[in-house]
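Visitor: I'm new to reading structures, and I would like a close look at a single part of this one. Please start wherever you like and explain the terms as you go.

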Amino acid sequence: MKGLFITFEGPDGSGKTTVATAVCERLKEKGYEVIHTREPGGIAISEDIRKIILDPKNTSMDPKTEALLYAASRRQHLVEKVFPAIKEGKIVICERFLDSSLAYQGYGRKLGFDEVLSINMFAIDNTYPDLTIYLDVDEQVGLDRLADRSFKDRLDQESIEFHHLVSEGYREVLRRFKDRISIVDASQDKESVIQDSLDLIIKKIDD
Ligand code: TMP
């Protein structure tokens with residue numbers, strides 16, 4: 001059996017880690033082989049790249065450098081972790097992927113949606129997720145949760161204007177990739193968000 005590549009997307013503070021963690025546990029309880037991973041990161045080289053990108057002291061990082069580092073980290077993570085797991089028939093649940101770059105670098109950094117898509121095409125060899133779950137949360141709720149974080153990385157520290165552009169970027173992502181992306185209302189209680197996400201994944205597995 002070929003595995004599945006499933007990604008969670010959404011703005012900072014949308015609850016991706018909490019929901020992905022719970023969903024992975026429940027899939028494992030049902031007997032599925034599941035790998036829970038994240039971008040940027042998930043393996044040693046990509047976690048090192050993550051540290052460089054998110055280090056608050058790297059204030060001079062150029063937006064194109066940032067976009068290329070995310071793509072580089074993505075490439076290595078795919079090759080070392082995602083591709084082998086899918087080949088072994090596992091379900092890979094990944095927090096963030098290509099769509100984050102389209103929203104954050106394409107819109108947030110104003111590099112352009114198609115420009116960022118094109119550098120990523122070189123990195124991903126046309127690998128799109130089988131399913132992307134977008135955790136839809138009111139922009140202000142996300143920003144409030146972000147404000148409560150004790151440590152803020154370089155991206156968390158960006159302006160409200162930046163996060164607003166990211167939301168706009170995600171709306172464009174949802175328009176362009178509507179067949180691949182399912183939206184879950186993340187303003188519901190936690191259990192409903194988890195259950196809705198799980199239902200979508202089970203439906204994909206049964207397809
Ligand atoms: P995280 O906090 O969700 O782990 O993600 C780290 C930050 O990196 C988050 O602010 C979103 C940002 N990001 C991008 O800007 N572009 C990308 O391609 C990815 C994967 C993340």
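Visitor: What is the relative accessible area of Glu-80? From there, please lead me to the place where the ligand sits.

Guide: Happy to! Glu-80 has a relative accessible area of 42%, so it counts as partly exposed; buried means under 20%, exposed means over 50%, and partly exposed is in between, with a 1.4 Å probe and protein chains only. Before we walk on, keep in mind that this model is predicted, so local features need pLDDT of at least 70 and side-chain atom pairs count only at pLDDT 80 or more, while totals for chains, interfaces and linings use all residues. Residues are numbered from 1 along each chain as its sequence is written, and side-chain values use heavy atoms, leaving out hydrogens and water.

Glu-80 belongs to helix α3. Helices (H or I, at least four residues) and strands (E, at least two) are DSSP runs, numbered from the N terminus. Between the C-alpha atoms of Glu-80 and Gly-142 there are 32 Å, with 62 residues separating the two along the chain.

Helix α3 is our path to the ligand. Three helices, α2 (44-54), α3 (63-87) and α4 (98-108), each give at least two residues to the shell around the ligand. The top contributor is α4, with four residues. In total, 13 residues surround the ligand, and the closest are Tyr-70, Arg-74, Arg-96, Ser-101 and Gln-105; a residue counts as near if one of its heavy atoms lies within 4 Å. By type, the shell holds five nonpolar, three polar and five charged residues. In that count, Ala, Val, Leu, Ile, Met, Phe, Trp, Tyr, Cys and Pro are nonpolar, Asp, Glu, Lys and Arg are charged, and the others, Gly among them, are polar.

Now look at how three arginines meet the ligand. A polar side-chain atom of Arg-96 is 2.7 Å from a ligand oxygen. For Arg-74, an N or O atom of the side chain is 2.9 Å from an oxygen of the ligand, and for Arg-50 the corresponding distance is 3.0 Å. The protein covers 93% of the 480 Å² of accessible area that the ligand has on its own; such areas come from the Shrake-Rupley method with a 1.4 Å probe, and for residues only the protein chains shown count as cover.

The ligand takes up the space of the largest pocket. On a 1 Å grid over the protein atoms alone, a pocket is an open set of points with protein on both sides within 12 Å along at least five of seven lines. A molecule sits in one if more than half of its atoms lie within 2 Å of its grid points.

Let's stay with Arg-96 for a moment. Arg-96 is in the loop between β3 (91-95) and α4. Its relative accessible area is 13%, so it is buried. Besides meeting the ligand, the side chain of Arg-96 joins that of Ser-100 in a polar contact of 3.0 Å. A polar contact is a pair of N or O atoms within 3.5 Å; within protein, one must be able to donate a hydrogen and the other to accept it, and residues adjacent in sequence count only if both atoms are side-chain atoms.

A little earlier in the chain, Lys-90 occupies the loop between α3 and β3. Lys-90 counts as buried because its relative accessibility is 17%. Its side chain makes a polar contact of 2.7 Å with the side chain of Glu-88.

Helix α4 also contains Leu-102. Leu-102 has a relative accessible area of 0%, so it is buried. From the C-alpha of Leu-102 to that of Lys-204, 102 residues away along the chain, the separation is 24 Å.

Finally, look at the stretch leading into α2 and at the end of that helix. Pro-40 is in the loop between β2 (34-38) and α2, and a cis peptide bond, with omega about -15°, joins Glu-39 to Pro-40. Most peptide bonds are trans. Leu-54 is 101 residues from Leu-155 in sequence, but their C-alpha atoms are 6.5 Å apart in space. Leu-155 lies in the loop between α6 (139-147) and α7 (160-176). With 5% relative accessibility, Leu-155 counts as buried.

Technical notes
1 Å grid on protein atoms, 1.4 Å probe; cavity = no way out; pocket = protein on both sides within 12 Å on 5 of 7 lines; lining within 4 Å.
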